[in-house]
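Visitor: Please show me the model, and let us then examine the terms used to describe it.

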Amino acid sequence: MLVTGLEILKKARAEGYGVGAFNTNNMEFTQAILEAAEEMRSPVILALSEGALKYGGKALATLVQELARDARVPVAVHLDHGSSYESVLLALRLGFTSVMIDKSHEDFETNVRETRRVVEAAHAVGVTVEAELGRLAGIEEHVAVDEKDALLTNPEEARIFMERTGADYLAVAIGTSHGAYKGKGRPFIDHPRLERIAALVPAPLVLHGASAVPPELVERFRAAGGEIGEAAGIHPEDIKKAIALGVAKINTDTDLRLAFTALVREGLNKNPKEFDPRKYLGPAREAVKEVVKSRMELFGSVGKA
Ligand SMILES: O=C(COP(=O)(O)O)N(O)CCCCO
Ligand code: NA
Ligand SMILES: [Zn+2]
């Protein structure tokens with residue numbers, strides 16, 4: 001059933017588990033994510049970026065809404081990285097039940113002002129809001145403290161930010177970053193900083209750039225002809241620790257993309273004569289579903305629906 005993001009995330013933080021926010025751009029990803037959620041009896045967040053909406057348009061938004069409504073587990077339909085007030089209004093008009101306004105690259109006062117404006121509009125129509133404070137950036141452990149403070153989320157600022165904006169959940173920067181390369185070896189995650197943020201911010205916390213980029217998946221992608229440079233994701237133990245400290249929403253996109261693309265490549269390589277898309281998109285859909293199920297097990301959301 002279709003619910004707001006806060007309805008899912010408030011319970012998750014209170015009960016100490018995480019809920020996956022999985023990005024989708026098409027029918028197969030959407031089906032894979034929802035089938036995994038139903039099989040695992042797990043709440044789930046379907047995340048559409050502005051790029052996804054540009055790519056899939058009303059067809060994608062309608063498909064996502066309909067399938068979310070029909071799902072037998074709680075589902076929120078979420079705008080990922082909304083870049084402007086107008087973009088958020090479009091998502092609200094399309095029936096999204098959660099929206100992110102990402103003004104983390106602006107100065108503090110601008111972020112507060114723009115976020116508060118979105119909160120007023122979203123709350124007026126019963127939709128909940130994710131905001132972001134701090135700069136997503138993979139940083140090495142030895143990086144100077146002042147540089148870390150310039151990049152990562154400042155706990156005291158976070159408290160003030162949430163009080164002044166009324167946002168419902170907060171994306172924090174504690175060392176993760178988007179994409180398939182998140183830092184040398186095991187990326188440094190600033191758990192002590194997260195602990196201080198969580199002590200001052202009772203709202204559910206959000207972790208972006210949380211994909212694991214598992215070596216076996218990277219190898220499978222390469223073996224099927226994919227080309228990718230140095231790859232490193234977030235260690236599962238660092239995810240579990242972050243959840244125990246207050247992270248309730250965990251964004252996963254890269255792992256799904258790698259799995260889907262590896263299987264499409266394998267499908268095309270296996271039978272050059274094949275030109276029925278279902279023959280190579282179907283197995284790719286299954287691979288995405290398996291990744292989503294394993295993420296739900298890691299996050300502890302299995303059986304929480
Ligand atoms: O935080 C994330 C995903 O992080 P990851 O790249 O670790 O899967 N997202 O917000 C997804 C970004 C989609 C637009 O590129
Ligand atoms: Na988001
Ligand atoms: Zn993100």
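Guide: The following exchange sets the computed values against the definitions of the terms.

Guide: This is a predicted model, in which local features need pLDDT of at least 70, side-chain atom pairs count only at pLDDT 80 or more, and totals for chains, interfaces and linings use all residues. Residues are numbered from 1 along each chain as its sequence is written, chains are lettered from A and ligands numbered from 1 in the order in which they are written, and side-chain values use heavy atoms, with hydrogens and water left out.

Visitor: What makes His-78 (NE2), Asp-80 (OD), Glu-130 (OE) and Lys-249 (NZ) donors of the sodium ion (ligand 2)?

Guide: Donors are N, O and S atoms within 2.8 Å of the metal, or 3.2 Å for Na, K and Ca; water is not among the atoms, so sites may look incomplete. The protein donors of the sodium ion (ligand 2), with Glu-130 (OE) listed twice, lie 2.6 to 3.2 Å from the ion, so they meet the sodium limit. Their spacing along the chain is H-x1-D-x49-E-x118-K.

Visitor: Why is it said that Glu-130 and Lys-249 tie together parts of the sequence?

Guide: Strands are DSSP runs (E, at least two residues) and helices likewise (H or I, at least four), numbered from the N terminus. Glu-130 belongs to strand S5 (residues 128-133) and Lys-249 to strand S8 (residues 247-252), so the pair connects parts 119 residues apart in sequence.

Visitor: Why is the contact of Lys-293 with Glu-39 called a salt bridge?

Guide: The term requires a side-chain nitrogen of Lys or Arg within 4 Å of a carboxyl oxygen of Asp or Glu. The closest N and O atoms of Lys-293 and Glu-39 are 2.8 Å apart, so the pair qualifies. This salt bridge links helix H12 (residues 277-299), which holds Lys-293, to helix H2 (residues 27-39), which holds Glu-39, across 254 residues.

Visitor: Why is Lys-293 called buried, and why is Glu-39 called partly exposed?

Guide: Buried means under 20% relative accessible area, exposed over 50%, and partly exposed in between (1.4 Å probe, protein chains only). Lys-293 has 16% and is therefore buried; Glu-39, at 45%, is therefore partly exposed.

Visitor: How do you know that Lys-293 also forms a salt bridge with Glu-290?

Guide: Their closest N and O atoms are 3.8 Å apart, so this pair also satisfies the criterion. Lys-293 and Glu-290 are three residues apart in helix H12, and are therefore separated by about one helical turn. Shared salt-bridge partners join Glu-35, Glu-39, Lys-289, Glu-290 and Lys-293 into one network.
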